[in-house]
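Work through the exercises below with the sequence and the model open side by side. Try each task before reading its solution.

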Amino acid sequence: GNYDHDAVHPLAETAWTKMNEFIKSHQQEFLKQLQEGVGSKLTVDGIRDVWKMAKQGNTLTLVVEKDYQVTAYQDPEDDSKILIGPPTGNYEIITDAVDRIMFIVKEKGGNVVIVENDELANFNHIAMRLRYPA
């Protein structure tokens with residue numbers, strides 16, 4: 001219809017409601033795809049496995065909870081592995097491994113989807129749909 005004479009606020013509320021429904025629908029679709037990919041080894045979860053696949057460029061879609069953050073430690077000689085606790089010897093501290101993973105995924109042509117907290121409780125708060133089986 002014609003909205004030339006309508007107030008902006010009600011129109012904005014309607015638009016946001018529709019946009020929010022669209023976003024939630026897409027998030028649910030990505031969660032469904034993750035679940036379907038478990039049996040065919042097209043889904044990995046947990047910060048360590050997700051990091052490894054991101055480094056390999058095997059990410060189709062990364063799905064992560066919006067407030068999930070992890071400090072990790074990386075061996076400077078093997079950047080494909082991270083540790084959650086500080087190792088002995090030389091290491092690099094990654095203050096936000098999740099943020100770094102998102103950057104790597106985008107850099108290598110993958111997609112990033114952010115979902116509400118606890119949506120990925122069954123996937124250790126971070127999961128990845130792979131391009132090809134791990």
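**Exercise 1. The three-stranded sheet**

What is the order of the strands in the open sheet of three strands, and is the pairing parallel or antiparallel?

Solution. Note that the model is predicted.
- Step 1. The order is β4-β3-β5, and the pairing is antiparallel.
- Step 2. β4 (78–83) and β5 (92–94) are the edge strands. Each has a single partner strand, so one side of each has no neighbour in the sheet.
- Step 3. Add the twist. Neighbouring strands of this sheet are turned by 35 degrees against each other on average, direction ignored.

**Exercise 2. Bridges of β3**

Find the bridges that hold strand β3 (residues 72–75) to β5, then those that pair β3 with β4.

Solution.
- Step 1. Take β5 first. Three bridges join β3 to β5, and the two strands run antiparallel.
- Step 2. Pick out residues. Alanine 72 has isoleucine 94 of β5 as its bridge partner. Glutamine 74 stands opposite glutamate 92 in β5.
- Step 3. Turn to β4. It pairs with β3 in the antiparallel sense, again over three bridges. Tyrosine 73 has leucine 83 of β4 as its bridge partner.
- Step 4. Look at the connection. β3 and β4 form a hairpin, with two residues between them.

**Exercise 3. Helices on the three-stranded sheet**

Which strands does helix α2 (residues 47–56) lie across, and at about what angle does it run to β4? Repeat for α3 and β5.

Solution.
- Step 1. α2 lies across β3, β4 and β5. Its direction is at about 165 degrees to β4.
- Step 2. α3 also lies across β3, β4 and β5. It runs at about 85 degrees to β5.

**Exercise 4. The four-stranded sheet**

Give the strand order of the open sheet of four strands, and name its edges.

Solution.
- Step 1. The order is β1-β7-β2-β6, with mixed pairing.
- Step 2. β1 and β6 stand at the edges. Each has a single partner strand, so one side of each is left without a neighbour in the sheet.
- Step 3. The average turn between neighbouring strands here is 20 degrees, direction ignored.
- Step 4. Check an inner pair. β2 and β7 pair in the antiparallel sense over five bridges. Threonine 61 has arginine 129 of β7 as its bridge partner.
- Step 5. Place the helices. α1 lies across β1, β2, β6 and β7, and runs at about 75 degrees to β7. α3 packs on the sheet too, touching β2, β6 and β7. The direction of α3 makes about 155 degrees with that of β2.

**Exercise 5. Helix α1**

How far does α1 reach from its first C-alpha to its last, and which of its residues are buried?

Solution.
- Step 1. α1 has 30 residues and reaches 43 Å. That is close to the 44 Å expected at 1.5 Å a residue.
- Step 2. Gln27, Leu31, Leu34 and Gly37 are buried in α1.
- Step 3. The buried residues of α1 pack against β1 (43–45), β2 (59–65), β6 (111–115) and β7 (126–130).
- Step 4. Compare glutamine 28, which lies in α1. Glutamine 28 has a relative accessible area of 44%. Buried means under 20% and exposed means over 50%, so glutamine 28 is partly exposed.
- Step 5. Glutamine 28 and alanine 54 are 26 residues apart in sequence and 22 Å apart in space, C-alpha to C-alpha.

**Exercise 6. The cores**

How many residues does the largest nonpolar core have, and which element supplies its largest share?

Solution.
- Step 1. The core has 23 residues. Ile47, Leu62, Val98, Ile101, Ile126 and Met128 have the most contacts inside it.
- Step 2. α2, β2, α3 and β7 each supply at least two residues of this core. The largest share, six residues, comes from α3.
- Step 3. Inspect isoleucine 47. Leaving out residues up to four places away in sequence, isoleucine 47 touches Tyr68, Val70, Ile82, Ile84, Ala97, Val98, Ile101 and Ile126.
- Step 4. There is a second, separate core of eight residues. Leu34, Val113, Phe123 and Ala127 are among them.

**Exercise 7. Confidence**

Which elements have the lowest and the highest mean pLDDT?

Solution.
- Step 1. The mean pLDDT of the chain is 90, and 96% of its residues reach 70 or more.
- Step 2. Helix α1 (residues 8–37) has the lowest mean among the elements, 85. Helix α3 (residues 97–107) has the highest, 97.

Note on methods. Residues numbered from 1 in each chain as written. Predicted model: local features only at pLDDT ≥ 70, side-chain atom pairs only at ≥ 80, totals over all residues. Heavy atoms only, no water. pLDDT = per-residue confidence, 0-100. Pairing = 2+ DSSP bridges. Axes fitted to C-alpha atoms, helices over the stretch in contact; angles between N-to-C directions. Contact = heavy atoms within 4.5 Å. Buried < 20%, exposed > 50% of the residue type's maximum accessible area, 1.4 Å probe, protein only. Expected span 1.5 Å × (residues − 1). Core = buried A, V, L, I, M, F, W, Y, C linked by side-chain atoms within 4.5 Å.
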